[in-house]
Amino acid sequence: MQLRKENILIVDDDVNILELLQRHLQSWNYHVFKAISVKEAVTILRDTQIDLLITDLKMPEVDGFELIKFVSEHYPKLPKLVVTGYPSVQGSLAAIKSGVVDYLTKPFTKDELKSALEKSLVVSGGRAVQPKITSEDRTEAYGEIIGNSEKINDVIQVIERIKNNKATVFIKGESGTGKELVARAIHYQGKFSRAPFIAVNCGGIPENLLEAELFGYVKGAFTGAETNREGFFQAANGGTIFLDEIGNASLTVQSRLLRVLQEKEVVRVGSTKAEKVDVRIIAATNSDLQDMIQKQTFREDLYYRLTVVEIHIAPLRERKDDIALLVDKFLFKYGIEYKDRFLKITPEALDILNRYNWPGNIRELENIVQRAVIMCDKVVDVEHLPDHLKHTIAFSAEALVPLKVVEKQYIEKVLRATGNNKTKAAEILQIDRKTIRQKLSD
């Protein structure tokens with residue numbers, strides 16, 4: 001067997017089986033991740049690149065078949081190997097139909113396990129990403145960026161082009177569209193993924209502290225600076241720093257950021273000594289920086305330094321085709337977290353979500369689905385959605401009809417007042433007789 005150090009996730013509620021599998025796998029030089037429940041397994045899958053899943057079928061709360069189904073839908077290229085102490089013909093067939101590569105019955109020998117591993121990893125054929133990522137590949141590589149819309153595909157293609165270099169990236173998008181997810185994808189899908197990723201919310205740190213937090217300070221630089229301290233830039237050295245809401249940075253901080261971009265060095269607050277840093281900067285904002293430049297609250301030279309590569313994330317209202325996929329993701333996430341089961345949503349409830357305008361974007365959608373999961377038992381229905389959302393949809397749906405109805409009623413009222421004289425009515429209404437006929441027939 002080739003010792004390629006793949007990441008293998010084993011899922012079983014029997015701790016003894018987990019330890020046995022771990023010993024075997026580590027003896028063959030694999031990296032092992034363990035989970036005693038489907039909930040734990042999903043968390044690991046979302047945070048770690050896994051090369052093979054080994055799972056039991058019979059587990060309390062959520063069983064292995066549901067995990068296999070989830071993996072098949074969200075990580076279609078991930079090979080799956082089943083080990084079970086309750087073998088059956090029906091179970092074997094169901095597992096194979098679900099895309100399982102092999103099916104081991106407990107107790108199994110070390111050689112049987114080794115053979116099944118070899119078969120599963122050969123079938124997987126490696127995990128190399130192609131230059132142009134397909135929607136199927138993207139589901140596996142970008143599990144946190146959900147969507148098949150053209151706008152999301154465009155974002156993914158840009159990430160593919162820039163992930164392996166350290167060009168400065170500027171991400172534009174409304175609040176709640178997922179700017180940090182895109183920044184993390186750029187970092188973790190590229191060749192610098194093992195280096196640090198530091199996310200800084202420039203709007204969440206008081207203005208008088210942001211400079212010291214970003215660039216560090218020396219002892220005695222200000223009241224409370226009792227020791228030398230590195231800043232976020234030093235902590236991110238070799239990797240990526242994500243500066244969210246960059247428009248909130250003061251002109252002083254902007255000036256220091258420009259120096260980092262130009263000279264690749266930082267100077268701590270209270271010091272004159274420059275320190276070299278090798279950092280990729282990804283900045284993001286929902287502000288209009290061009291307007292801020294006109295108002296002289298944002299430096300134009302910094303703006304052009306930051307926007308070497310620009311990525312625009314469309315608001316959710318412009319990519320409603322992705323809503324069903326996002327709902328499915330959040331239903332699974334919170335269904336497992338709160339109910340220990342997989343939940344569904346009725347077509348009527350999903351229709352309301354599809355028709356809503358989503359001013360808060362994906363963050364608002366996630367909050368609403370989270371609330372609905374808490375309120376429901378097994379199925380999310382219209383009654384579990386917040387009243388403001390239902391009322392907004394009801395109003396917008398009815399608002400299209402009254403305009404025609406009121407218009408028609410008004411024309412009929414004018415006609416009655418003129419003794420059904422269409423010529424006179426047309427003069428009063430300032431429209432022609434043909435338009436009157438048309439509106440009355442609608």
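Where is Lys 264 found? We get to that residue in the last view; the model throughout is a predicted one.

**View 1. The whole chain, before zooming in.**
This predicted model has 19 helices and 14 strands in its protein chain. Of the 442 residues, 44% are buried. If you take the contacts with a separation of 6 or more, 68% of them link residues 24 or more positions apart.

**View 2. An open sheet of five strands, ordered E2-E1-E3-E4-E5.**
Pairing in this sheet is parallel. At the edges sit strand E2 (31–35) and E5, each of which pairs on one side only. Going from one strand to the next, the twist averages 20 degrees. Two helices are worth picking out here. Helix H2 (residues 38–47) lies across strand E1 (7–11) and E2, and its direction is at about 140 degrees to E2. H3, meanwhile, lies across E1, E3 and E4, and runs at about 165 degrees to E3.

**View 3. Strand E4 and its two partners.**
How many of the residues of strand E4 (residues 80–84) are buried? Five of the five are, so the strand is largely enclosed by the rest of the structure. In a regular strand, side chains alternate between the two faces of the sheet. Here, Lys 80, Val 82 and Thr 84 point one way from E4, while Leu 81 and Val 83 point the other way. Yes, the buried set includes Lys 80. Strand E3 (residues 52–55) runs parallel to E4 and is joined to it by three bridges. E4 also pairs with strand E5 (residues 102–105), again in the parallel sense, over four bridges. Leu 81 is a handy landmark: it is the bridge partner of Ile 54, and its own bridge partner in E5 is Asp 102.

**View 4. Helix H3 between E3 and E4.**
Follow the chain through E3, helix H3 (residues 64–74) and E4, and you have traced a right-handed β-α-β unit. One residue to click on in helix H3 is Ile 68. Is Ile 68 buried or exposed? Its relative accessibility is 0%, so Ile 68 counts as buried. For a quick distance check, try Leu 53: its C-alpha atom is 8.9 Å from that of Ile 68, with the two residues 15 apart along the chain.

**View 5. A second open sheet, ordered E7-E8-E11-E6-E12.**
Five strands make up this sheet, and the pairing is parallel. Strand E7 (197–201) and strand E12 (309–312) stand at the edges; each has a single partner strand, so one side of each is left without a neighbour in the sheet. The twist from one strand to the next averages 15 degrees. Within the sheet, strand E8 (residues 240–244) and strand E11 (residues 280–285) pair in the parallel sense over four bridges, and Phe 242 stands opposite Ile 282 in E11. H7 packs on this sheet, touching strand E6 (169–172), E11 and E12, and its direction makes about 155 degrees with that of E12.

**View 6. Helix H7 against helix H8.**
Two packed helices are described by the angle between their axes and the distance between the axes. For helix H7 (residues 150–162) and helix H8 (residues 179–188), the angle is about 35 degrees and the axes are 9 Å apart. The crossing in which H7 passes H8 is right-handed. Which residues meet here? From H7 come Val 155, Ile 159 and Ile 162, and from H8 come Val 182, Ala 185 and Ile 186. By class, that contact has six nonpolar residues, with no polar and no charged ones.

**View 7. Two positive phi angles, at Glu 245 and Lys 264.**
Neither is a glycine, yet phi is about 50 degrees at Glu 245 and about 60 degrees at Lys 264. Glu 245 is in the loop between E8 and helix H11 (251–263). Its relative accessible area is 13%, and Glu 245 is therefore buried. As for the opening question, Lys 264 is found in the loop between H11 and strand E9 (265–267). At 42% relative accessibility, Lys 264 counts as partly exposed.

Terms used
Residues numbered from 1 in each chain as written. Predicted model: local features only at pLDDT ≥ 70, side-chain atom pairs only at ≥ 80, totals over all residues. Heavy atoms only, no water. Axes fitted to C-alpha atoms, helices over the stretch in contact; angles between N-to-C directions. Left-handed = near helix turned anticlockwise from the far one by under 90°. Contact = heavy atoms within 4.5 Å. Nonpolar A, V, L, I, M, F, W, Y, C, P; charged D, E, K, R; others polar. Buried < 20%, exposed > 50% of the residue type's maximum accessible area, 1.4 Å probe, protein only. Pairing = 2+ DSSP bridges. Right-handed = clockwise from strand over helix to strand, strands pointing away.
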